[in-house]
Amino acid sequence: MALLNVNDLHVYYGSIHAIKGVSFEVNEGEIVTLIGANGAGKSTTLNTVAGLLKPRSGEVTLNGKSLIGTPAHKMVSEGMALCPEGRRIFQQLTVRENLEMGAYTGDGSTLSSDLDKVYELFPRLKERYKQVAGTLSGGEQQMLAMGRALMSKPRILMLDEPSMGLAPILVEQIFETIKHLNSQGTTILLVEQNAQMALSVATRGYVLETGRVVTSGTGKELLHNDSVRKAYLGG
C-alpha cells in the first residue's frame with residue numbers, strides 16, 4: 001500500500017476546473033515529483049493534498065487513512081509537513097523561534113535533539129540561530145523553511161518550488177539536501193519548476209498539463225522521454 005494515495009482529484013476555483021481527475025501515489029522512501037508548466041496545477045494539487053484547498057471530489061489517503069475534510073492545521077499531526085512556495089517563514093521571529101514553531105505538535109521532550117539534527121543538516125542556521133529570520137538571504141530562508149517543516153518529524157515532506165528565486169549554486173545545495181534527507185529515510189513529494197533537477201533526484205515523476213496527469217514514469221525515464229525533453233528540458 002502506498003504511503004500517500006491521491007485518486008481522481010477534482011478541484012475548482014469558482015467555476016474554473018483547475019484539477020481534472022489527478023491520480024498519483026507516493027510509496028514509503030520515495031522522492032516523487034510533479035512537474036509541468038506554470039499554471040499546470042502542481043501547486044494547486046499540493047495545496048489540496050495539504051488540506052489548504054477543498055476538492056470538489058476525489059480521495060486523498062495517508063497510510064490508508066482518508067484526509068479529505070481534515071483541517072490543514074491538523075495535517076502535521078497526521079504526519080504530513082508542507083514547505084510552501086515562497087518559504088513563508090515568520091519574518092519577525094528568530095531562526096530558533098521559527099524552528100520551535102515547527103515542533104508545536106510535539107511534547108517538547110525531543111526538542112533539543114531535533115534542533116541539533118536540523119543544525120547538522122543546515123550548519124548556517126546554527127550560526128544564525130539568534131538572527132531575525134526576515135534578515136536572512138533567500139537561500140537561508142529556504143533552509144529555514146525546510147528545517148521548520150522537518151521539526152515535526154513528518155512521515156512525508158512536501159516541498160513546493162524549493163529552488164524558486166535562488167542562485168544556481170544554492171539550487172544545487174538544496175537538491176543535495178533533498179537527496180540526503182531521502183537517504184536518511186524521509187519520503188518526499190516535490191513540486192518543482194526546474195524539471196531537470198527534480199527528475200534527476202526523483203524516484204518517479206508525474207507530468208501535469210492543464211490540470212491533468214499526461215505522463216508518468218521513473219525520474220530516469222522522464223529525463224529521456226522526447227516529449228518531456230522538448231517541453232520542459234530545453235530539447
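## Helices lying across the six-stranded sheet

In this predicted model, helix H1, which covers residues 42–49, lies across strand S3 (31–35), S6, S7, strand S8 (187–191) and strand S9 (204–209), and H1 runs at about 145 degrees to S7. Helix H7 lies across S3, S7 and S8, and the angle at which H7 runs to S8 is about 150 degrees.

The strands that these helices cross belong to an open sheet of 6 strands, whose order is S6-S7-S8-S3-S9-S10 and whose pairing is mixed. At the edges stand S6 and strand S10 (212–218), each of which pairs on one side only, while the twist from one strand to the next averages 15 degrees. Between S6 and S7 there are 4 bridges, and these two strands pair in the parallel sense; Ala-81, for example, has Leu-157 in S7 as its bridge partner.

## A helix that is mostly covered

Does helix H6 have mostly buried or mostly exposed residues? Of its 13 residues, 12 are buried, so that H6 is mostly covered. Among the buried residues of H6 are Gly-139, Glu-140, Met-143, Arg-148 and Leu-150. The buried residues of H6 pack against strand S6 (80–83), helix H3 (95–102), helix H4 (111–121), helix H5 (123–127), strand S7 (156–160) and helix H7 (168–183).

The length of H6 (residues 138–150) can also be checked by simple reasoning: because a rise of 1.5 Å a residue is expected, its 13 residues should span 18 Å, and the end C-alpha atoms are 19 Å apart, which agrees.

## The four-stranded sheet

A further open sheet is formed by 4 strands in the order S2-S1-S4-S5, with antiparallel pairing. Its edge strands are strand S2 (16–26) and strand S5 (65–66), each pairing on one side only. Strand S1 (residues 4–13) and S2 run antiparallel and are joined by 8 bridges, and within this arrangement His-10 stands opposite Lys-20 in S2.

## The largest pocket

Which residues lie nearest the centre of the largest pocket? Of the 24 residues that line this pocket, Val-76, Ala-81, Leu-82, Pro-84 and Arg-148 lie nearest its centre, and the space in the largest pocket comes to about 620 Å³.

Several elements contribute to the lining of the largest pocket, since at least two residues are supplied by each of H1, helix H2 (75–78), S6, H3, H6 and S7. Two of the residues nearest the centre have already appeared above: Ala-81 is the bridge partner of Leu-157, and Arg-148 is one of the buried residues of H6.

Technical notes:
Residues numbered from 1 in each chain as written. Predicted model: local features only at pLDDT ≥ 70, side-chain atom pairs only at ≥ 80, totals over all residues. Heavy atoms only, no water. Expected span 1.5 Å × (residues − 1). Buried < 20%, exposed > 50% of the residue type's maximum accessible area, 1.4 Å probe, protein only. Contact = heavy atoms within 4.5 Å. Pairing = 2+ DSSP bridges. Axes fitted to C-alpha atoms, helices over the stretch in contact; angles between N-to-C directions. 1 Å grid on protein atoms, 1.4 Å probe; cavity = no way out; pocket = protein on both sides within 12 Å on 5 of 7 lines; lining within 4 Å. Points joined across faces, edges and corners; volume = space filled by probe spheres on them.
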